[in-house]
Amino acid sequence: MSYNWNWGIFWEASPEGVGTYLTMLLMGLRWTVATALLAWVVALVFGSIVGVMRTLPGRTIGIVASAYVEFFRNIPLLVQLFLWYFVLPELLPQAAGMWLKQLPNAPFWTGAIGVGLYMSARIAEQLRAGIKSLPRGQAMAGTALGLTTVQTYRYVLLPMAYRIIMPPLTSEFLNTIKNTSVALTIGLMELTARARAMQEFSFQVFEAFTAATLLYLALNAIVVFGMRRLEKAVAVPGYIAGK
Amino acid sequence: MFTAFDFDVILRSLPYLFWDGMTFTLMLTALSALGGLVLGTLLALMRLSNLPILGAVATGYVNLMRSLPLVLVIFWFYFLVPYIGQIITGAERPVLVGGFASALITFTLFEAAYFSEIMRAGIQSIPKGQVSAGYALGLNYRQVTSYIVLPQALRNMLPVILTQAIVLFQDTSLVYVLSITDFLGAASKVAQRDGRLIEMYLFAALVYFLISFAASRLVRHLQTKTAIIR
């Protein structure tokens, strides 16, 4: 193979002027983590609202919620990010559009919220499945006790549903982290983008991508470990996952 | 707000968008779904085999692929494939590989990991008695696998496989990062040439939506048709 390996490259100064190539990659990792966390919050909030809406008896609410899910599931994430980043500011009133365009760290906000909304449709589906998997009697018992619909969801259905869908939520969180890399197309300098930039500056392709790969694997391992702990802590006694 | 819109740019670029772009996207989707399914089935069989080494290799591969972002994997293979080609052909320099071939190899290898999980679930859903019955009839491993297990696993998993293919169809848009002219790439090139980002991206979103939505409806319909009633 006619490739010149140089693993010492990570300790050489990067052309960005601050620190070595390694610090450059680590800064990318920080953006990846920050984007993933904000996206996850957005995904959980919107996913929960839409997921609950899909289980409510009202017909209109159900149609609105499933339109939401279909919209975000049937357009590629990359195209969605382009819509939020390039198209949305032009369709808004001029002042709002200008404000959006001049926002500091615009790729970060757009990327995080865009990925978050994309993931929220998947979380809505998971939560709906979780709520539907509960025995009918639980909602009925809530009603029989005189709880309102809101109270039934808050105290009876949701605490159970979230705990049941813990394992799929773990993989959706991992997907969120992976999907943040798509935001490099709108200029977010996250981990994959930094690895690509390092390759362009130094021509050490495989070292850069190996380092990025290892960092992603480490991030995955941490998330899986943390979620396992959480899963154990909140497992419902009496279910297979519980004790 | 639509008064400043130039819908003509879409009409003018339709042949380019669909003939150059969509053909690429659909070819890439179909071929890598097929390749990924074959390779994924092999990986699933490796994982379920009695040889621990085969299982470990397949598990390692699947877990590695599934924990990396597709964008990073696209970059990896874009740079790696020429060197692999060099090793295979014994050429003196890294082999030049076209955009389509590079994308096809990437997506086949990447999707194989996902298809292997689907096929593994499909194979494991077959009752053990069926395999035992096959052996009792005097069939060997290859015959039991190809005449009894795989046909049923494929049929049980068909809706999931097709859903994964729709995901793949959407994911092929990521070849944009290599400046390849797939459907989105074509739309984006016209958008930048004519300064018509809004029209082109909205149109691209609409086309992706219609195709994916129609396809997933078809899959749902198929699901009710092919379901085996037990």
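**Close-up 1. A:Arg54, a buried residue in helix H1 of chain A.** In this predicted model, A:Arg54 counts as buried because 22 C-beta neighbours sit inside 10 Å, and 20 or more is enough for that label. Its home is helix H1 of chain A. Who keeps A:Arg54 company, once neighbours within four places in sequence are left aside? The contacts are A:Gly62, A:Ala65, A:Ser66, A:Ala124 and A:Arg128. Take A:Ala65 from that list: A:Arg54 and A:Ala65 are eleven residues apart in sequence, and their C-alpha atoms are 5.8 Å apart in space.

**Close-up 2. Helix H8 of chain A and what covers it.** This helix runs over residues 166-179. Let's check its length: at 1.5 Å a residue, its 14 residues should span 20 Å, and the end C-alpha atoms are indeed 20 Å apart, so the two values agree. Which residues of H8(A) are buried? They are A:Leu169, A:Glu172, A:Phe173, A:Thr176, A:Ile177, A:Lys178 and A:Asn179. As you look through that list, here's a handy rule: an α-helix has 3.6 residues a turn, so residues three or four places apart point the same way. The cover over the buried residues of H8(A) includes helix H1 (21-55), helix H3 (77-91), helix H5 (106-132) and helix H10 (205-234), which belong to chain A.

**Close-up 3. A:Val234, a partly exposed residue in helix H10 of chain A.** Look for A:Val234 in helix H10 of chain A. Is A:Val234 buried, exposed or partly exposed? A:Val234 has 13 other C-beta atoms within 10 Å, so it is partly exposed. Not counting residues up to four places away in sequence, A:Val234 touches A:Arg163 and A:Met166. Now compare a residue elsewhere in the chain: A:Thr192 is 42 residues from A:Val234 along the chain, and the C-alpha atoms of the pair are separated by 34 Å.

**Close-up 4. Two loop residues with positive phi, A:Asn105 and B:Ser179.** A:Asn105 is found in the loop between helix H4 (94-102) and H5 of chain A. Phi of A:Asn105 is near 55°, a positive value in a residue other than glycine. A:Asn105 is exposed, because 12 other C-beta atoms lie within 10 Å and the label covers counts of 12 or fewer. Over in chain B, B:Ser179 lies in the loop between helix H6 (141-171) and helix H7 (183-194). Phi of B:Ser179 is near 55° too, again positive in a residue that isn't glycine. With 10 other C-beta atoms within 10 Å, B:Ser179 is exposed.

**Close-up 5. Helix H8 of chain B, and where chain B touches chain A.** H8(B) has 30 residues and reaches 43 Å from its first C-alpha to its last, close to the 44 Å expected at 1.5 Å a residue. Its buried residues include B:Ile198, B:Met200, B:Phe203, B:Val207 and B:Tyr208. What covers the buried residues of H8(B)? The cover includes H3 of chain A, along with helix H1 (8-48), H6 and H7 of chain B. Zooming out to the contact between the chains, 30 residues of chain B are in contact with 29 residues of chain A. On the chain B side, the elements giving two or more residues are helix H3 (70-89) and helix H8 (197-226). H8(B) gives the most, with ten residues. Sorted by class, this side of chain B has 24 nonpolar, five polar and one charged residues.

Note on methods. Residues numbered from 1 in each chain as written. Chains lettered and ligands numbered in written order. Predicted model: local features only at pLDDT ≥ 70, side-chain atom pairs only at ≥ 80, totals over all residues. Contact = placed C-beta atoms within 7 Å. Helix = DSSP H or I, 4+ residues; strand = E, 2+ residues; numbered from the N terminus. Nonpolar A, V, L, I, M, F, W, Y, C, P; charged D, E, K, R; others polar. Expected span 1.5 Å × (residues − 1).
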